[in-house]
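User: Hey, I've got a protein open here and I'm not sure where to begin. Can you walk me through it?

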Amino acid sequence: MSRNTKINGLLLLLVAALAVLPIALGMGEGKEEPFTGADAQAETAITELRPDYEPWFSPLYEPPSGEVESALFALQAALGAGVLAYYFGVRQGRRQGAALAAAAGAPDTAGASDTAAAES
């Protein structure tokens, strides 16, 4: 097993532990909404400290329910992960293509086009 495989396995195990341990240890018991986001917790704290607080602005779009809000957040996360995966895939493909071209003894295509343009 290579070193990278071991590191990736360890990181995957760590992420799984971070997701499962709070639930397994019962860290959310006794609360009405045990795993609310930081936004909801901040809103609760502000309301408790200053009941007369007026927000500076209102959201452009208010989802009709918490489920829709969660679905939109998941869609946003999936799109972001897709863009990052595409970028890293293209980058890796270019590296592999350059390595194959160098191994085959082919000239660098970027350098060749620059040379051809300069000679014209």
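User: How much accessible surface does the protein chain have?
Analyst: About 11000 Å², and 64% of that belongs to carbon and sulfur atoms. Areas like this come from the Shrake-Rupley method with a 1.4 Å probe, and for residues only the protein chains shown count as cover.

User: Anything I should know about the model?
Analyst: It's predicted, so local features need pLDDT of at least 70 and side-chain atom pairs count only at pLDDT 80 or more, while totals for chains, interfaces and linings use all residues. Residues are numbered from 1 along each chain as its sequence is written, and side-chain values use heavy atoms, with hydrogens and water left out.

User: How many helices and strands are there?
Analyst: Four helices and zero strands. Both are DSSP runs numbered from the N terminus: helices are H or I with at least four residues, strands are E with at least two.

User: What share of the residues is buried?
Analyst: Buried residues make up 2% of the 120 in the chain. Buried means under 20% relative accessible area, exposed means over 50%, and partly exposed is in between (1.4 Å probe, protein chains only).

User: Which residues make the nonpolar surface patch?
Analyst: Leu60, Tyr61, Val68, Leu72, Leu75 and Leu79, covering about 660 Å². Patch residues have over 30% relative accessible area and no salt bridge; like charges are joined within 9 Å, nonpolar side chains (Val, Leu, Ile, Met, Phe, Trp, Tyr) within 5 Å. A salt bridge is a side-chain nitrogen of Lys or Arg within 4 Å of a carboxyl oxygen of Asp or Glu.

User: Where is Leu60?
Analyst: In the loop between helix 2 and helix 3. Leu60 counts as exposed because its relative accessibility is 95%.

User: And which residues form the negative patch?
Analyst: Asp39, Glu43, Glu62 and Glu69. Asp and Glu count as negative, Lys and Arg as positive; His and the chain ends aren't counted. A charge's place is NZ of Lys, CZ of Arg, CG of Asp or CD of Glu.

User: Why does Glu62 count as exposed?
Analyst: Because its relative accessibility is 56%.
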